[in-house]
Amino acid sequence: MNILGIETSCDETSAAVIKDGTFIITNIVSSQIKIHEKYGGIVPELASRHHLENINIVVEEALKGSGKIDAISVTSGPGLIGSLLIGTTTAQAISNILKIPCVGVNHIEGHIFANYLRTQEDKNTRTAVNPPFIALIVSGGHTDLILAEKLGKYKILGRTRDDAVGEVFDKIAKFLKLGYPGGPVIDRLAKKGNCKNIPLPRPYMRDTWDFSFSGLKTAVINYAREHKNIRTQERLYDLCASFQQACVDVLVEKTVSACKKYKINKIFLGGGVVSNSQLRADMTKKCKSEDIKLFLPVPSLCTDNAAMIASAGYFKIKKSGCGKMTKPSANLELKNW
Ligand code: KG4
Ligand code: ZN
C-alpha cells in the first residue's frame, strides 16, 4: 500500500511516498530556513505564503516514479494554522480528484513513527518496534514524554510547562547572536567546549514528569550578561557545552526513569532536537547500561518531514480505517485510535 504524506505544520514544505508504512520511496523536504533566519525565528505569515508557493512543486516531485497512490496522510496539527491549512487543503483536493481516502494525523505522532522508517527494501533490516514504549518528542514546539501502551494508544506523562527544549536552543542562540536555528550551531560549538566549566541548574522537577526549561534559559542569558568575556571563543564554547549538557541530563534522566516506573524496556526518540549529538550519545550510553532498547531516527528524519506523517497515516488506516478527516487545529491533542 502506497501512502502520499504531506507535512506543512511549521516551516518545512514536505511530501513523501511510503510503501507499507515503513519503506521510503520518496521524501522531498523544502526548507524555509533561509527565509526566516534573518528574523531569528519563524514568521507565521511568511511560512504559509511560502508553503503555498512550494506545495505543488514538492508534491509533484514526491510523486515522480512513485507508482500508484492508495491513500493520503496529512498533518492536521499541532502547528501554525495558516501553514496547516495549505497542507490539509492540498491533501483533500488530491483525495477528491484521485478518489482515494485522506487521513489527518497528529504531528507528534508523526515524530514517533519516524522510527518505523527505512530507506532500503530489505526485510532483514525491518525494526521490531511494537509497543509498549516510552516516547520522548523534543522539537522547537514540543517537549512531550509519552507512554504508548499499544499502537495508537497514548498517555501523555509530561510536557514542558514553559519553553520547548528546541525553542530554548533557538532563543539562547538568538541572544548570543549565533544564528537560526540555534540547535545545530550550539551542538557544533559545544563540541569545542568543556561542559564542566560553567555550573548551570538541572531542572529535574522530581515530583512530576513535566519539564521546565525557561529557568535554565534565564540562567544562561544572565551568565552571558554578567561575564563580558563571553565573546571570547573558549568561554562561548564552554557556555554552549554546559547549557547543552544541562538539557541532555534532564531529558535522559526523566525518560529512563519513566521506563523504570512503567516497567517498559523501549524508548523511541523523535523531533528536531534528537539530531543533537550529545543527546544521542548520552541516551545511547544510558540505555545500554540499563538494558533498554533505544530507537532513534537518523538526523534527517528527526526534523520535520512527510515520510513520518505517511507512516503514521498508514498504521492508523490499517488499524481504524480513514474515518472522518481530522479538522486542522493549531493545538490538536494526541488522540487514541
Ligand atoms: O522537529 P523540528 O524540525 O520542528 C518542530 O516541530 O519544531 O525541530 C526543530 C527544532 C529547532 O528548535 C532546532 O533548533 C532543533 O530542532 N534542533 C536541534 C538540533 N538540530 C535541530 N537542537 C539541538 N541540537 C541539534 N543538533
Ligand atoms: Zn516537528
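This is a short walk through one protein model, from its two domains to its zinc site and one buried helix. Please keep in mind that the model is predicted.

Let's start with the overall layout. The protein is divided into two parts: domain 1 covers 2-122 + 300-320, and domain 2 covers 133-297. Look at domain 1 again. Its listing has two stretches of chain, 2-122 and 300-320. Taken over C-alpha atoms, the centres of the two domains are 26 Å apart. The contact between them takes 21 residues from domain 1 and 22 residues from domain 2.

What do the two domains bury between them? About 1800 Å², with 69% of it on carbon and sulfur atoms. In domain 1, Ile112, Asn115 and Cys302 lose the most area to domain 2. Together they make up 34% of what that side buries. And how many salt bridges does the rule find across this interface? Zero.

Now the metal. Which residues coordinate the zinc ion, ligand 2? They are His107 through NE2, His111 through NE2, and Asp304 through OD. The distances run from 2.0 to 2.1 Å. Along the chain, the donors follow the spacing H-x3-H-x192-D.

Take the short gap in that pattern. His107 and His111 both sit in helix H4, residues 107-113. They are four residues apart there, so about one helical turn separates them.

Are these histidines buried or exposed? His107 has 4% relative accessibility, so it counts as buried. His111 is buried too, with a relative accessible area of 1%.

Next, the geometry. The zinc ion has four donor atoms, and the angles among them are 94 to 148 degrees. For four tetrahedral donors, the ideal angle is 109.5 degrees. To count as tetrahedral, all angles must lie between 85 and 135 degrees. The site of this zinc ion is irregular.

On to helix H5, residues 165-175. Its buried residues are Val165, Gly166, Val168, Phe169, Asp170, Ile172 and Ala173. What covers them? The cover includes strands S6 (133-138) and S7 (143-150). It also includes helices H6 (182-190), H7 (214-226) and H8 (233-261). Just after H5 comes Lys177, with a positive phi of about 60 degrees.

One last residue: Leu85. You will find Leu85 in helix H3, residues 81-98. At 41% relative accessibility, Leu85 counts as partly exposed. Compare its position with Arg280. The two are 195 residues apart in sequence, and 33 Å apart in space, C-alpha to C-alpha.

Terms used:
Residues numbered from 1 in each chain as written. Chains lettered and ligands numbered in written order. Predicted model: local features only at pLDDT ≥ 70, side-chain atom pairs only at ≥ 80, totals over all residues. Heavy atoms only, no water. Donors = N, O, S within 2.8 Å, 3.2 Å for Na, K, Ca; no water. Tetrahedral: all angles 85-135°; square planar, octahedral: opposite > 155°, others 65-115°. Helix = DSSP H or I, 4+ residues; strand = E, 2+ residues; numbered from the N terminus. Buried < 20%, exposed > 50% of the residue type's maximum accessible area, 1.4 Å probe, protein only. Domains from an automatic or database assignment. Contact = heavy atoms within 4.5 Å. Buried area = accessible area lost by both parts, 1.4 Å probe. Salt bridge = Lys/Arg side-chain N within 4 Å of Asp/Glu carboxyl O.
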